[in-house]
Amino acid sequence: NWTVILGCRSLAKGHAAKQRLIQECGTHDVENRVHVVWIDLEQRDQQQESQLQASVEQIRTISQGLDVLIHNAAYITYNNLSFEEAHKSFEINYRGTVRVHEALFPLVKRPGGRVIFVSSAVGKTYLVPSDVETQLLSDNLAEDDLVRIVQRLEDDIQSGRYQEPTNHIGGLAYGLGKLAGTTIYPRIVARRHPSPQEIFVASCCPAFGGPDTPVWLATTASIEQIQHGHGGFWEQRTLTNPQDWSAGMNLSS
């Protein structure tokens, strides 16, 4: 028996995804096992914070707890870097992810729960200055430190002090937001909960024509296969070395 809860910013797209699942599974039993819940990662006012809490309560009535929590929502743009694009990326890919995670994390079952952050190969430390990279990869990095680093990056972009890396392939605003929210933040979450047997936490790139890493981490792999990568960033079912992130993307399949 399984239940899937789709947290969606667009209810119409969520219900369309549910219909595709029904068609692909070939059974209407999916109708009762897939639920669509509205969740907005942007917090424009206090009312939306209340709506997020209402969504959490709706999820709580559907399920007694979450075996797996997958953070997959993102804002992506490949426009030239601007403060407006960077701010929106940080607001959704970083701040929104943190807000939703903190709201939903208490529902994750323990022991044995899993939390997977779907990041991107572009969300690596080659996007930031070397002194910022050192801070981000520190084992002592706290959430308040990450908040300050993101604010510094936003300020540098707004003032024109940010130097674009020469080896990026586009989507700088997207990459910076994913770096903060779905590559570095999971490391902080994992340090708060150091036992992977209690709750396993990881981030990953979904795929470049290779294995479906998020599904594998979430449901298929045994904890014995992946516990060494608690808090780490995975590509093609392989744990990456943070010391290699400054080299940029790996697009090999």
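This report walks through the fold, the cores and a few odd backbone spots of one protein chain.

## The big picture

First things first: what you are looking at is a predicted model. The chain is built from nine helices and seven strands. Lay a box along its principal axes, and the C-alpha atoms fill roughly 55 × 45 × 35 Å.

How does the radius of gyration fit with a compact globule? For 253 residues, such a globule would have a value near 18 Å, and the chain has 18 Å, so the two agree. Contacts tell you about the fold too: take those between residues at least 6 apart in sequence, and 74% of them join residues at least 24 apart.

## Inside and outside

Of the 253 residues, 49% count as buried. The accessible surface adds up to about 12400 Å², and carbon and sulfur atoms own 48% of that.

What about charge? The chain carries 22 positive and 28 negative charges. Work out the mean position of each group, and the two points sit 4 Å apart.

## The main core

Now for the greasy part. The largest nonpolar core holds 53 residues, and the ones with the most contacts inside it are L104, V115, V128, L136, L146, L176 and I184. Helices α3 (46-62), α4 (83-104), α5 (130-136), α6 and α7 (172-192) each supply at least two residues of this core, and so do strands β4 and β5. Which element gives the largest share? That is α7, with eleven residues.

To get a feel for how things pack, click on L146. Skip its neighbours within four places in sequence, and L146 still touches Y94, L136, L141, A180, I184, Y185 and I188. Two of those names, L136 and I184, are also on the list of residues with the most contacts in the core.

## A second core and helix α8

There is another core lying apart from the main one. It has eleven residues, among them F200, C204, A218 and A221.

A218 leads us to helix α8, which spans residues 213-220. Its buried residues are T213, P214, W216, L217 and A218. What covers them? The cover includes four strands, β3 (68-71), β4 (113-118), β5 (199-204) and β6 (233-235), along with helix α9 (223-226).

## A buried acid

Next, find D156 in helix α6, which runs over residues 143-159. Is D156 buried or exposed? Its relative accessibility is 12%, and buried means under 20%, so D156 counts as buried. Beyond its neighbours within four places in sequence, D156 is in contact with R161 and Y162.

## Backbone oddities

Most residues other than glycine have a negative phi, and most peptide bonds are trans. With that in mind, here are some spots worth a look.

The peptide bond joining R110 and P111 is cis, with omega at about 0°. You will find P111 in the loop between α4 and β4.

The other spots are Q236 and R237. Q236 sits in the loop between β6 and β7 (238-239), and R237 lies in the loop between β6 and β7 as well. Phi is positive for Q236, near 50°, and also for R237, near 60°. How much of them can you reach from outside? Q236 has 26% relative accessibility, so it counts as partly exposed. R237 is partly exposed too, with a relative accessible area of 39%.

Note on methods: Residues numbered from 1 in each chain as written. Predicted model: local features only at pLDDT ≥ 70, side-chain atom pairs only at ≥ 80, totals over all residues. Heavy atoms only, no water. Rg over C-alpha atoms; globule rule 2.2 N^0.38 Å. Buried < 20%, exposed > 50% of the residue type's maximum accessible area, 1.4 Å probe, protein only. Contact = heavy atoms within 4.5 Å. Areas by Shrake-Rupley, 256 points an atom, 1.4 Å probe, with all protein chains shown as cover. Lys, Arg positive; Asp, Glu negative; His and termini not counted. Charge placed at Lys NZ, Arg CZ, Asp CG, Glu CD. Core = buried A, V, L, I, M, F, W, Y, C linked by side-chain atoms within 4.5 Å.
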